[in-house]
Each structure stands twice: as structure tokens, then as C-alpha cells.
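Good morning, colleagues, and thank you for the time. Please take a moment with the sequence and the model before I go through a few of its residues.

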Amino acid sequence: MVQDMSPLAMSAGMVTWCLVLLAYPSQILQLRKVKKAEGVSLTLFVVSFISFAIWIPYGMEIGNKVIVTSNIIGGVLAGVIVAQTVYYRYGQQFILRRARK
């Protein structure tokens, strides 16, 4: 089943995804640069990741490639931020403790 979106809905969706595509990579680059995740809300990005994952089957069900593609990209970006945050908060300490033994 293919569902057509109104021009206003399509425009709003595109603007939203442009903002996500600008914001998430900048967070990824910042985390990589400073190698600390103290100011990053892990909860926000985990919830974002789950939200993106939930939208993908919906987009597939209605046959909307824009919803599917944008949520796959958003999910990957959110997943990278979650992985970086977990690593910089907990992984480095675990690795350093293991290396000292």
C-alpha cells in the first residue's frame, strides 16, 4: 500500500531530516574529538534510536521510501552516538583496568 503525503507534510519531514543530518554528525565528530561523553544524554540517544527503529517497519508497511531511508540513516547515526557515549564513559575505564592486570 503506497500512501501519498501532502506537500506540506513532505516539506516538514524533509526539513526535520535536514536538521537531524546536521546535528547528529556534529555530535559524533565532537565526541571523537574530545573523547569524553560527560555532557551527552545517553537516554536521549537511546530513545531516538528506538524511535527510528519503530518508524522503519511503519514506513515499509505504507510503502514510503522517504520514511524508511531517513529513519535508517537516523538510526545508524543515533546508534553511533550511543556506542561512542558508552565507550567513552565506561569502555575506556574497563580497558585500562584490564591492561593494568
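Let me begin with T85: is this residue buried or exposed? T85 has a relative accessibility of 0%. Buried means under 20% relative accessible area, and T85 therefore counts as buried. I should say at once that we are looking at a predicted model. T85 has its place in helix α3, which covers residues 65-100. Which residues does T85 touch, once those up to four places away in sequence are set aside? They are L31, A37, V40 and L42.

I turn now to the aromatic rings. How many aromatic pairs does the structure hold? There are 4. One of them joins Y24 and F45 in an edge-to-face arrangement, with 5.4 Å from centre to centre and 75 degrees between the planes. This pair connects distant parts of the chain, since Y24 belongs to helix α1 (residues 7-34) and F45 to helix α2, 21 residues apart. Both partners fall under the 20% limit for buried residues: Y24 counts as buried because its relative accessibility is 13%, and F45 counts as buried because its value is 8%.

Y24 also forms an aromatic pair with F52. Here too the arrangement is edge-to-face, with the centres 6.2 Å apart and the planes at 70 degrees. Again, distant parts of the chain are linked: Y24 lies in helix α1 and F52 in helix α2, with their positions 28 residues apart in the count. F52 has a relative accessibility of 8%, so F52 is likewise classed as buried. Taken together, ring pairs link Y24, F45 and F52 into a cluster.

Finally, I ask you to look at the surface. Which residues make the nonpolar surface patch? They are V46, F49, I50 and I54, and the patch measures about 350 Å². Let us consider V46, a residue of helix α2, which spans residues 42-62. Why is V46 described as partly exposed? Its relative accessible area is 33%. Partly exposed is the class between under 20%, which is buried, and over 50%, which is exposed, so V46 at 33% is placed there.

To close, I would leave you with two places to revisit: the ring cluster of Y24, F45 and F52, and the nonpolar surface patch that includes V46. Thank you for your attention.

Terms used: Residues numbered from 1 in each chain as written. Predicted model: local features only at pLDDT ≥ 70, side-chain atom pairs only at ≥ 80, totals over all residues. Heavy atoms only, no water. Patch = residues over 30% accessible without salt bridge, like charges linked within 9 Å, V, L, I, M, F, W, Y side chains within 5 Å. Areas by Shrake-Rupley, 256 points an atom, 1.4 Å probe, with all protein chains shown as cover. Salt bridge = Lys/Arg side-chain N within 4 Å of Asp/Glu carboxyl O. Helix = DSSP H or I, 4+ residues; strand = E, 2+ residues; numbered from the N terminus. Buried < 20%, exposed > 50% of the residue type's maximum accessible area, 1.4 Å probe, protein only. Contact = heavy atoms within 4.5 Å. Phe/Tyr/Trp six-rings, centres within 6.5 Å; stacked < 30°, edge-to-face > 60°.
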